[in-house]
Amino acid sequence: ELEQMRLRISGMRQRFTAELTKRVPFYDFSFLNESKGLFSYTGLTKEQVHKVREEHGIYMTDSGRINVCGLNDENVERVADAIAQVVK
C-alpha cells in the first residue's frame, strides 16, 4: 500500500508539472518533480498565493506550499489553470 501511495504521489507530481509547463512554458516548474514527500513549494509569491485563494478557491500556505496528495485526476488541471493565470 505504501508503494502504491508513493507511486501515486510521484505520478501526480509529474502530471502537475506537465500541466503547468503546458500552460506556462516560459516558467521552469521542473523543481516540482525533483522534490519528494507530501508537500511541495510552487514558487509563487505571497501575492500570487492570495490571488489563487481569492479568485480560484484553491488553498496553499502563504509560502506557496501545496499538498501534493490533495491533487487528483479530477482537480489537477483546475489547479494548474489557476496557477498559470496568476504567473502570466
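Two residues are said here to be in contact when heavy atoms of the one lie within 4.5 Å of heavy atoms of the other. The structure described with the help of this term is a predicted model.

**Overall build**

The protein chain contains four helices and two strands, and, read from the N terminus, these elements follow one another in the order α-α-β-α-β-α. For 88 residues, a compact globule would be expected to have a radius of gyration near 12 Å, and the protein chain agrees with this because its own value is 12 Å. Along the principal axes, the C-alpha atoms of the protein chain fill a box of roughly 35 × 25 × 20 Å. Buried residues make up 36% of the 88 residues of the protein chain. Among the contacts with a separation of 6 or more, 58% join residues that stand 24 or more positions apart.

The surface exposed by the protein chain amounts to about 5,400 Å², of which carbon and sulfur atoms supply 52%. As for charge, the protein chain carries 13 positive and 13 negative side chains, and the centres of these two sets lie 1 Å apart.

**Helix α3 and its two faces**

Helix α3 spans residues 46–56, and its buried residues are Gln-48, Val-49 and Val-52. These residues lie on the same side of α3, because the arc they cover around the axis is only 105°. In general, an α-helix has 3.6 residues a turn, so residues three or four places apart point the same way. The buried residues of α3 pack against α4, which comprises residues 76–87, whereas the face turned away from the buried side carries the exposed residues Glu-47, Glu-54 and Glu-55. After α3 comes Gly-57, which has a positive phi near 65°.

**Two buried loop residues**

Val-24 is found in the loop between α1 and α2, the latter being residues 31–34. Val-24 counts as buried because its relative accessibility is 0%, the cut-off for this class being under 20%. When neighbours within four places in sequence are left aside, the contacts of Val-24 are Phe-29, Ala-84, Val-87 and Lys-88.

Leu-44 sits in the loop between β1, which covers residues 39–41, and α3. With a relative accessible area of 5%, Leu-44 is likewise buried. Not counting residues up to four places away in sequence, Leu-44 touches Val-49 and Val-52, both of which are among the buried residues of α3, and its further partners are Met-60, Ser-63, Gly-64, Ile-83, Val-86 and Val-87. Val-87 thus appears among the contacts of Val-24 and among those of Leu-44.

**A partly exposed residue in α1**

Arg-6 belongs to helix α1, which runs over residues 2–23. Its relative accessible area of 45% makes Arg-6 partly exposed, because that class lies between the limits of 20% and 50%.

**Separation in sequence and in space**

The table sets out C-alpha distances for three pairs of residues that involve Arg-6, Val-24 and Leu-44.

| Pair | Separation in sequence | C-alpha to C-alpha distance |
|---|---|---|
| Arg-6 and Arg-23 | 17 residues | 26 Å |
| Val-24 and Val-87 | 63 residues | 7.9 Å |
| Leu-44 and Ser-63 | 19 residues | 7.4 Å |

Two of these pairs also appear among the contacts given above, since Val-24 is in contact with Val-87 and Leu-44 touches Ser-63.

Terms used
Residues are numbered from 1 along each chain as its sequence is written. This is a predicted model: local features need pLDDT of at least 70, side-chain atom pairs count only at pLDDT 80 or more; totals for chains, interfaces and linings use all residues. Side-chain values use heavy atoms; hydrogens and water are left out. The radius of gyration is taken over C-alpha atoms; the globule rule is 2.2 Å times the number of residues to the power 0.38. Buried means under 20% relative accessible area, exposed over 50%, partly exposed in between (1.4 Å probe, protein chains only). Accessible areas come from the Shrake-Rupley method with a 1.4 Å probe; for residues, only the protein chains shown count as cover. Lys and Arg count as positive and Asp and Glu as negative; His and the chain ends are not counted. The place of a charge is taken as NZ of Lys, CZ of Arg, CG of Asp or CD of Glu. The arc is that of the directions from the helix axis to the C-beta atoms.
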